[in-house]
Amino acid sequence: FAFIAPCFASGMSQDLVSFIGNAAGSLAVLKFSAYASGGSVSLLASAWDSGLDFLSSLINFGALIFARRPADLEHRFGHGKAEAMAGLAQSLAIFLSAGFILYRSFERFLSPVRGAMDWLSLAVMVLALLVTITLVIHQRQVARRTGSLLVAADSLHYAGDVAANIGVILAIVISPLPGLEFADPVMAGLFSFYIFRSGGGVFKSALDILLDRDVSEEYQGLLDRALAAEPLVRGYHDLRARSDGSTHFLELHLELPANLPLSECHAVGERVSAALKTENENIEILVHFDPV
């Protein structure tokens, strides 16, 4: 538990990713060691999951640092999509590992093995459960403070790991019982489908960002309220928005009286932009004025 205490001293996303890497790497080593001793395939599946989390943390750490670089002349919209590219690479690694786990669980299901209670594996999984619960609590605190979409999404993944770890503990406890040898490979198979599902979520999120999926529906209600406070606005059209993971880019056309001075049009646009930014500071807004 030596790596847990320092992580609470900081709320930065990079520090949290470093903590996740330490936790996942340590748990992966423990789980693989326990698997070598006891041979539980559900524990092997959990070990692969922790190993993938460690790999993801390494990728995320580099992606977060690169994505936070300011915009430059060659990248006028910033470098935020580095997070999505990292997510795409992670999802491919997750799919391959889930396929391997499914193969091993099917192999063990056809040739089940019953042995004595594996106390080492049980102790490792209880430790993993406690660390994962601690991690989820801390992730949610950091997500609230920083507004990071990556941290918030990762928190959901580790919340699922809590349930998965409980399932592996149950499999280790009941598989030594007569007639229940199949519990271990069945749990490993279920774990592989859970990993497939996690990879699918990461893949879809990354693809949505890379393909500039429209997220303007998130701002529809807020925009309507902001414009209701502006009596000069006659309407709006061509609202669209995209995300690079941490920053949203929103564009819209405001319809204003044709005889309104440009300075007043600009003032209206600034007030509308300020109202939208009260909901999300990490948003860049481009307003075009149409005379009506």
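**A buried partner**

Glu 230 is buried, with a relative accessible area of 9%; find the residue whose side chain meets Glu 230 in a salt bridge, and locate both residues.

*Solution.* The model is predicted, with local features needing pLDDT of at least 70 and side-chain atom pairs pLDDT 80 or more, while totals for chains, interfaces and linings use all residues. Residues are numbered from 1 along each chain as its sequence is written, and side-chain values use heavy atoms, without hydrogens and water.

Step one is the partner: Arg 271 meets Glu 230 at 2.8 Å, N to O, in a salt bridge (a side-chain nitrogen of Lys or Arg within 4 Å of a carboxyl oxygen of Asp or Glu). By this rule the count comes to five salt bridges.

Step two is the location: because Arg 271 lies in helix α9 (residues 262-277) and Glu 230 in the loop between α8 (220-228) and β1 (235-243), the pair ties together parts that are 41 residues apart in sequence. Helices (H or I, at least four residues) and strands (E, at least two) are DSSP runs.

Step three is exposure: Arg 271 is partly exposed at 42% relative accessible area, whereas Glu 230 is buried (buried is under 20%, exposed over 50%, partly exposed in between, with a 1.4 Å probe and protein chains only).

**Two further pairs**

Describe where the salt bridges of Asp 208 with Lys 204 and of Glu 251 with Arg 240 are placed.

*Solution.* Begin with Asp 208 and Lys 204, whose closest N and O atoms are 2.9 Å apart. Both lie in helix α7, four residues apart, which is about one turn of the helix. Asp 208 is partly exposed at 24%, and Lys 204 is exposed at 51%.

Turn next to Glu 251 and Arg 240, whose closest N and O atoms are 3.0 Å apart. This pair links distant parts of the chain, since Glu 251 is in strand β2 (residues 248-256) and Arg 240 is in strand β1, 11 residues apart. Glu 251 is partly exposed at 29%, while Arg 240 counts as exposed at 51%.

**A nonpolar patch**

Which element gives the most to the nonpolar patch on the surface?

*Solution.* List the members first: Phe 106, Phe 109, Leu 110, Phe 182, Val 186 and Leu 190 form the patch, with about 600 Å² of accessible area together. Two elements, α4 (82-110) and α7 (183-210), give two or more residues each. The answer is α4, which gives three residues.

Finally, place Phe 182, found in the loop between α6 (149-174) and α7; Phe 182 is partly exposed, at 39%. Patch residues have over 30% relative accessible area and no salt bridge, like charges being joined within 9 Å and nonpolar side chains within 5 Å.

Key
Accessible areas come from the Shrake-Rupley method with a 1.4 Å probe; for residues, only the protein chains shown count as cover.
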